[in-house]
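Got your viewer open and the side chains switched on? Let's take a walk along some charged pairs, one selection after another.

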Amino acid sequence: ALNMIITDLNKASDYDEEARCVRKVQIQFDIIGRRDKETRTYGWARVGELLTHVRERFEAERPLDGPVQSWEKFAAEQFPKIKETRRRQAQNLYAFEKYSPVIVKLYYLGIDTLLPLYMALNTYHKKGELVSLLDQFGIDLKTKAKSKEELTELSKKISDFTSNSCITTHT
């Protein structure tokens with residue numbers, strides 16, 4: 001089903017048609033990733049990639065005469081099942097993946113844990129300082145959490161790490 005949708009996307013004549021294809025892809029990834037956080041996060045990255053593509057085409061092709069529709073309004077109308085925050089998160093996830101492909105190794109954390117972690121990690125430029133801070137919070141990103149309990153514990157540590165005032169104010 002996904003291959004057929006991607007073929008339709010590649011043949012799309014305008015951004016409205018592309019948006020219809022993206023909606024279909026998002027539904028398929030919802031089905032595929034229903035039981036697996038890593039697969040669901042991968043799906044959101046792919047949806048983010050498609051949303052970014054549609055947004056670029058929308059901004060390049062929208063008419064400049066008459067009332068100009070914003071991307072936010074267009075996206076809200078075209079993707080009503082994907083709320084604005086999740087659209088932004090999906091596009092950010094895709095952008096982070098392009099910038100730092102190693103991020104896919106952490107997709108098992110899920111999009112809601114991974115994005116704040118990635119943003120917090122990117123505020124640090126000194127590797128030694130970052131490593132000691134992760135150690136201070138008991139966060140081991142080298143070993144993939146295998147059980148649901150391990151993942152829950154790791155997610156809690158990451159939440160503590162990302163909400164810590166020294167993280168959010170340090171730039």
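Start by selecting Arg-55 and colouring it by accessibility. Its relative accessibility comes to 28%, so Arg-55 counts as partly exposed. Keep in mind as you click around that this is a predicted model.

Now add Glu-59 to the selection. What does Glu-59 form with Arg-55? A salt bridge, with the closest N and O atoms 3.0 Å apart. Trace the backbone between the two and you stay in helix α3, which covers residues 37-61. Glu-59 and Arg-55 sit four residues apart there, about one turn of the helix. Glu-59 is partly exposed too, with a relative accessible area of 37%.

Stay in helix α3 and pick Arg-57 and Glu-61. These residues are also four apart, with about one helical turn separating them. Zoom in on the side chains and you'll find a salt bridge whose closest N and O atoms are 2.9 Å apart. Is each partner buried or partly exposed? Glu-61 is partly exposed at a relative accessible area of 40%, whereas Arg-57 is buried at 18%. The cut-off for buried is under 20%, so Arg-57 makes it into that class.

Next, jump to helix α8, residues 148-163. Select Glu-153 and Lys-157, which lie four residues apart in this helix, about one turn. Their side chains meet in a salt bridge, at 3.3 Å from N to O. Switch the surface on: Glu-153 is partly exposed with a relative accessible area of 47%, and Lys-157 also counts as partly exposed, at 25%.

So far we've been looking at pairs. For a network, select Arg-46, Glu-49 and Glu-97 together: salt bridges that share partners join these residues into one.

Hide the rest and centre on Arg-46. That takes you back to helix α3. How accessible is Arg-46? Its relative accessibility is 13%, so Arg-46 counts as buried. Now show what surrounds this arginine. Leaving out residues up to four places away in sequence, Arg-46 touches Phe-29, Tyr-94 and Glu-97. You've already met Glu-97 as a member of the salt-bridge network.

Before you close the session, zoom back out to the whole structure. How many salt bridges does a search of it find? Nine. Among them are Glu-59 with Arg-55, Glu-61 with Arg-57 and Glu-153 with Lys-157, if you'd like to save those selections.

Terms used. Residues numbered from 1 in each chain as written. Predicted model: local features only at pLDDT ≥ 70, side-chain atom pairs only at ≥ 80, totals over all residues. Heavy atoms only, no water. Salt bridge = Lys/Arg side-chain N within 4 Å of Asp/Glu carboxyl O. Buried < 20%, exposed > 50% of the residue type's maximum accessible area, 1.4 Å probe, protein only. Contact = heavy atoms within 4.5 Å.
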